[in-house]
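Reader: Got a minute to walk me through this one? Sequence and structure below.

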Amino acid sequence: MSVRALWIISREKGENVSIPFSRRFPTVEHRAKCLAGSSYVAVPEDSTVLQLLLTELGLSEPDKSYVALRDDCLHRQRSPALELHVDGPGKGILWPVLAISQGPLILACLCLVDAPPEPRPPLANLLSVSQGLTLLAGLQTYLLGSGNKLDSEGPASRLALLPSVLLQVCPLGTPLDVPALATPATPTAPTPAGNQKQPAWKTGLYRGRAVVNVALKETVRSMQYGKQSRQDLWDVYGTVTCKCEVEGVLPNVTVTLTLPPNGSPLQDILVHPCVTSLDSSILTASSVDNSDGSAFSGPYKFPFSPPLEPFRLCSYTSQVPVPPILGSYQLKEEENQLRVSVSLKLHESVKNSFEYCEAHLPFFNRDQMGLVDVKVSSGQLEVSKEKNLLVWTLGQKFPKSREVTMEGRITFSGPTPGPADPLCTELTAYIKLYFKVPDITLSGSCVDQHSVQVYSSAKPRIVTSRELQSKEYFIWNSAGAAPVSSGQMML
């Protein structure tokens, strides 16, 4: 396995996007040219790669609501092996470009495919894809640290050392300690953790007390219309991620996911290939089929031999009776003004302790904001007249009543037009909620640290966590038109 090029992209809070480090490997590029023949597509300049990659990842031009190459319904993101469509004299398609994102960094590489470009070989037959992703994951851990968060030094000092590190772990574009390319790409039984070899791009063997970290995260999406003629929609998507840090041989581990007595069975469960055995009934529940209530309801046991890097153990969906925050939004036009009325109510089943909670009210296709006379019953209101945006910061708690309101009037009399959006015309408007609630899940699922079994004499420390986070949580103006889905919200 070899890589033609490697890029480290920095994007602080989505702004000031740059490539602080890139590396081309001419010998690998020469092999790619010989293999491709007349179909060869050269790797363009870093600035071109940056723009193409951000577009393919859906991160380009965040100030624009619609970009054809990013948002067109005919466009399909082919993760994890992306296609970059290069224009100009050497136009063509660069494939496979692998990319992973964590915090402020995006790591990407272009793998060499030791096969003719046409017909394109299936991803499952390409060892370079899985090995390239493992290389990127190892470099990510090197740059961000074991916690995958920026430390006090930041990645700058490690970026300065990266050329010498690559010279040792990836000489001439070929990472060390990977299976030979001649190895058959056929399914095999999971390799016991104790037989895994520490890759050369790892920062070194783990030293310290053994730790097994299990993190449960649920994201909730919602489309609320406030109309009897239109059904509100919401869904929950959960993931369990694991990280095992043990000196020497990695032990076998069993993680148990439990539900409350009245909890709905988990559906659409997918597991990591390292899971060694599984009750087949766990995989049968599907959100597409009509459930008769007899589906497996836990506990869900996942025995596995952990890989060397952090990984997603499983994912699932869950049907819950109500969304965590119920909202009502009325926006009416009265005498060249907009009258705003908002009510948000936190459901009694949700813990009233947020890490953050904000409501964003954008106003599109109007003049710039003028007079804003709006009052809120709780929290703070920030007005961005340049963006025609109200940001309602609710903080860490709702009041005891678990209900907050906003009332007021807004005029639009600025000298310049505000942001435009082809969808939000006339009274078509929405509120978008952003929130995170620690130590809770909407489905009630949890991983108790005493239920995590580690078959090792090291007696590792078990760390478990769970959280609920919003994603695409919309409350539409009930006095205007709104887009409606005829089916379930797709994950």
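Reader: Start with the small sheet. What order do the 3 strands take?
Author: The order is E10-E8-E20, in an open sheet with antiparallel pairing. Strands (E, at least two residues) and helices (H or I, at least four) are DSSP runs, numbered from the N terminus. Two strands pair if DSSP finds at least two bridges between them.

Reader: Before we go on, what am I looking at?
Author: This is a predicted model, where local features need pLDDT of at least 70, side-chain atom pairs count only at pLDDT 80 or more, and totals for chains, interfaces and linings use all residues. Residues are numbered from 1 along each chain as its sequence is written, and side-chain values use heavy atoms, with hydrogens and water left out.

Reader: Back to that sheet. Which strands stand at the edges?
Author: E10 (300-304) and E20 (453-455). Each has a single partner strand, so one side of each lacks a neighbour in the sheet.

Reader: How are neighbouring strands turned?
Author: By 10 degrees against each other on average, direction ignored. The axes are lines fitted to C-alpha atoms, and angles run from 0 to 180 degrees between N-to-C directions.

Reader: How many bridges between E8 and E20?
Author: E8 (residues 252-257) pairs with E20 over 3 bridges, antiparallel. Threonine 254 stands opposite glutamine 453 in E20.

Reader: Now the sheet of 9 strands. What is the order?
Author: E9-E11-E7-E6-E21-E19-E14-E17-E16. That sheet is open too, with mixed pairing. E9 (267-271) and E16 (380-384) stand at the edges with a single partner strand each, so one side of each has no neighbour there. The twist averages 15 degrees from one strand to the next.

Reader: What joins E9 to E11?
Author: 3 bridges, with the two strands running antiparallel. E11 covers residues 311-318. Glutamine 267 has threonine 317 in E11 as its bridge partner.

Reader: Switching to helices. What does H5 span?
Author: H5 has 14 residues, 156-169, so at 1.5 Å a residue it should span 20 Å. The expected span is 1.5 Å times one less than the number of residues. Its end C-alpha atoms are 19 Å apart, which agrees.

Reader: Where is the kink in H5?
Author: At leucine 162, shortly before proline 163, and it is about 50 degrees. The bend is the angle between axes fitted to the seven residues ending there and the seven starting there.

Reader: Which H5 residues are buried?
Author: Arg158, Leu159, Leu162, Val165, Leu166 and Val169. Buried means under 20% relative accessible area, exposed over 50%, partly exposed in between (1.4 Å probe, protein chains only).

Reader: How many disulfides?
Author: A search of the whole structure finds 0. The cut-off is a pair of cysteine sulfur atoms within 2.5 Å. For cysteine 170, the nearest cysteine sulfur is that of cysteine 109, 8.9 Å away. Cysteine 170 is buried, at 2% relative accessible area.

Reader: And why no bond for cysteine 244?
Author: Its sulfur is 6.3 Å from the closest cysteine sulfur, in cysteine 242, which is too far for a bond. Cysteine 244 is buried as well, at 7% relative accessibility.

Reader: Last topic. How many aromatic pairs?
Author: 9. Rings of Phe, Tyr and Trp (its six-membered ring) pair if their centres lie within 6.5 Å; planes under 30 degrees apart count as stacked, over 60 as edge-to-face and the rest as tilted. One of the pairs is phenylalanine 354 with phenylalanine 435, edge-to-face, 6.2 Å centre to centre and 90 degrees between the planes.

Reader: Where do those two lie?
Author: Phenylalanine 354 is in the loop between E13 (337-346) and E14 (356-362), and phenylalanine 435 is in E19 (residues 430-438), so the pair ties together parts 81 residues apart in sequence. Both are buried.
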